[in-house]
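Notebook open, structure loaded. I want to look up a few spots and jot down what turns up.

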Amino acid sequence: MQNNLFQQAKDAVSNMMMQGGNANSQDKQAAQNAIQAAYTEATPEERNQLQQLEQQLKQQNQLQ
């Protein structure tokens, strides 16, 4: 069974990447919230991927 929260987090990050530097604070918060929610049900492999997604956003200054 696929983790729906994990997929939502991936989608939120993807949307942020496509917006580049044009993401507003609501978008940033939504992506952060999606990632944090996904951690609650994530498998160890998904947790690693979520950490990579967070790192990606931080490197692009999309998250604090």
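**Entry 1: a charge without a partner.** I started with glutamate 46, which is buried yet has no salt bridge. This is a predicted model, so I'm reading computed values throughout. I looked for the nearest side chain of opposite charge and got arginine 47, 7.7 Å away. A salt bridge needs the nitrogen within 4 Å of a carboxyl oxygen, so that pair doesn't qualify.

What does the side chain of glutamate 46 have for polar company? I found the backbone nitrogen of threonine 43, which lies 3.0 Å from one of its polar atoms. Glutamate 46 itself sits in helix H3, residues 44-59. Leaving out residues up to four places away in sequence, I list Asn3, Phe6 and Glu41 as what glutamate 46 touches.

**Entry 2: helix H2.** Next I checked the length of H2, residues 25-39. Its 15 residues at 1.5 Å each should span 21 Å, and I get 21 Å between the end C-alpha atoms, which agrees.

Which residues of H2 are buried? My list reads Ala31, Gln32, Ala34, Ile35, Ala38 and Tyr39. Looking down the axis of H2, I see these buried residues fall within an arc of 160°, so they line one face of the helix. That fits the textbook picture: an α-helix has 3.6 residues a turn, so residues three or four places apart point the same way.

On the face of H2 turned away from the buried side I noted Ser25 and Gln26, both exposed. I also asked what covers the buried residues of H2; the cover includes helix H1 (4-19) and H3.

At the start of H2 I spotted asparagine 24, with a side-chain oxygen reaching to within 3.0 Å of the backbone nitrogen of glutamine 26.

**Entry 3: glutamine 19.** Asparagine 24 came up again when I moved to glutamine 19, a residue of helix H1. Not counting residues up to four places away in sequence, glutamine 19 touches Asn24 and Asp27. With aspartate 27 there is also a side-chain to side-chain polar contact of 3.5 Å. Is glutamine 19 buried or exposed? I'd put it in between: partly exposed, with a relative accessible area of 28%.

**Entry 4: asparagine 15.** Last stop, also in helix H1. I have asparagine 15 down as partly exposed, at a relative accessible area of 40%. I paired asparagine 15 with glutamate 54, 39 residues apart in sequence, and read off 13 Å from C-alpha to C-alpha.

Methods
Residues numbered from 1 in each chain as written. Predicted model: local features only at pLDDT ≥ 70, side-chain atom pairs only at ≥ 80, totals over all residues. Heavy atoms only, no water. Helix = DSSP H or I, 4+ residues; strand = E, 2+ residues; numbered from the N terminus. Buried < 20%, exposed > 50% of the residue type's maximum accessible area, 1.4 Å probe, protein only. Lys, Arg positive; Asp, Glu negative; His and termini not counted. Polar contact = N/O pair within 3.5 Å; in protein donor to acceptor, adjacent residues only side chain to side chain. Contact = heavy atoms within 4.5 Å. Expected span 1.5 Å × (residues − 1). Arc of directions from axis to C-beta.
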